[in-house]
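Dear colleague,

I am passing on the structure we spoke of, and below it you will find my notes on what came out of going through it. Please read them with the coordinates open beside you.

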Amino acid sequence: MKPHARAYIVIVFAITLAILSYIDRVAISQAARPISQDLHLSKSQMGLIFGAFGISYALFEIPSGWLGDAMGPRRVLVRIVLWWSSFTALTGAAWNYGSLWVIRFLFGMGEAGCFPNLTKAFSCGAVE
């Protein structure tokens, strides 16, 4: 494959990853009502569940960026995609408030570092 063609594949992958990362963060807000009805959660409990993702995402953003510096951004991006895919599925398996809170916290932890590692992949010559 020509280097030029590889560059386009990496760019398409990066754009797709960025879009999916955004959608995946906000999708639960669209499903909040059915989730809260199914698990008998109050609005404040749903707020805490939303916050669990945000807190863990913020806490692990820099360490995940450092991990990309140490291991390489492509390896870390593979870990991030596998982690968030797993926790997307596990979100549907939650059985109560506590389980959903833990799943969303771990979800945010796993998704953290996506953008720093994505930009690092470009600066490392992945698109050359």
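Which residues are exposed on the other side of α2? Please keep in mind throughout that this is a predicted model. The residues in question are R33, Q37 and D38, and they stand against the buried residues of helix α2 (residues 32-39), which are A32, I35, S36 and L39. Those buried residues cover an arc of only 95° around the axis, which puts them on the same side of α2.

The end of this helix deserves a look as well. Just after α2 comes H40, which takes a positive phi of about 55° although H40 is not a glycine. H40 sits in the loop between α2 and α3, and it counts as exposed, with a relative accessible area of 69%.

As for the overall picture, the secondary structure of the chain comes to 6 helices and 0 strands, so that the elements, read from the N terminus on, run α-α-α-α-α-α. Taken along the principal axes, the C-alpha atoms of the chain fill a box of roughly 55 × 25 × 20 Å. The chain has 128 residues, of which 35% count as buried, and it exposes about 7,600 Å², with carbon and sulfur atoms supplying 70% of that area. If one takes the contacts in the chain with a separation of 6 or more, residues 24 or more positions apart account for 78% of them.

Turning to the interior, the largest nonpolar core has 24 residues, and those with the most contacts inside it are I35, L41, L77 and L100. Each of α1, α2, α3 (43-71), α4 (73-91), α5 (97-111) and α6 (114-123) supplies at least two residues of this core, while α4 gives the most to it, with 5 residues.

Two of these core residues can be followed further through their contacts. Not counting residues up to four places away in sequence, L41 touches I35, S36, M46, I49, Y97 and L100. L100, for its part, is placed in helix α5 and is buried, with a relative accessible area of 1%. Leaving aside its neighbours within four places in sequence, L100 is in contact with I35, L39, L41, I49, T91 and A94. For the pair L100 and L39, which are 61 residues apart along the chain, the C-alpha atoms are separated by 9.3 Å.

Y97, which L41 also touches, is likewise found in helix α5, but at 27% relative accessibility Y97 counts as partly exposed. With neighbours within four places in sequence set aside, Y97 is in contact with L41, Q45, L48 and I49. Y97 and I49 are 48 residues apart in sequence, and their C-alpha atoms are 8.0 Å apart in space.

On the surface, there is a nonpolar patch formed by Y8, I11, I15, I19, Y22, I23, V26 and F122, which together have about 740 Å² of accessible area. Helix α1 (residues 3-30) gives the most to this patch, with 7 residues. One residue of the patch that I checked individually is I11, which is found in helix α1 and is partly exposed, with a relative accessible area of 34%. Since membership of such a patch requires over 30% relative accessible area, a residue that is partly exposed, as I11 is at 34%, can still belong to it.

Lastly, the charged side chains. Side chains of opposite charge can pair when their charged atoms come close. How many salt bridges does the count come to here? The count comes to 1 salt bridge, in which the side chains of K120 and D69 meet at 3.7 Å, N to O. K120 lies in helix α6 and D69 in helix α3, so the pair ties together parts that are 51 residues apart in sequence. Both partners are partly exposed, K120 at 30% relative accessibility and D69 with a relative accessible area of 47%.

With best regards

Technical notes
Residues are numbered from 1 along each chain as its sequence is written. This is a predicted model: local features need pLDDT of at least 70, side-chain atom pairs count only at pLDDT 80 or more; totals for chains, interfaces and linings use all residues. Side-chain values use heavy atoms; hydrogens and water are left out. Buried means under 20% relative accessible area, exposed over 50%, partly exposed in between (1.4 Å probe, protein chains only). Helices (H or I, at least four residues) and strands (E, at least two) are DSSP runs, numbered from the N terminus. The arc is that of the directions from the helix axis to the C-beta atoms. Patches are made of residues with over 30% relative accessible area and no salt bridge: like charges are joined within 9 Å, nonpolar side chains (Val, Leu, Ile, Met, Phe, Trp, Tyr) within 5 Å. Accessible areas come from the Shrake-Rupley method with a 1.4 Å probe; for residues, only the protein chains shown count as cover. A salt bridge is a side-chain nitrogen of Lys or Arg within 4 Å of a carboxyl oxygen of Asp or Glu. Contact means heavy atoms within 4.5 Å. A nonpolar core is a set of buried Ala, Val, Leu, Ile, Met, Phe, Trp, Tyr and Cys residues joined through side-chain atoms within 4.5 Å.
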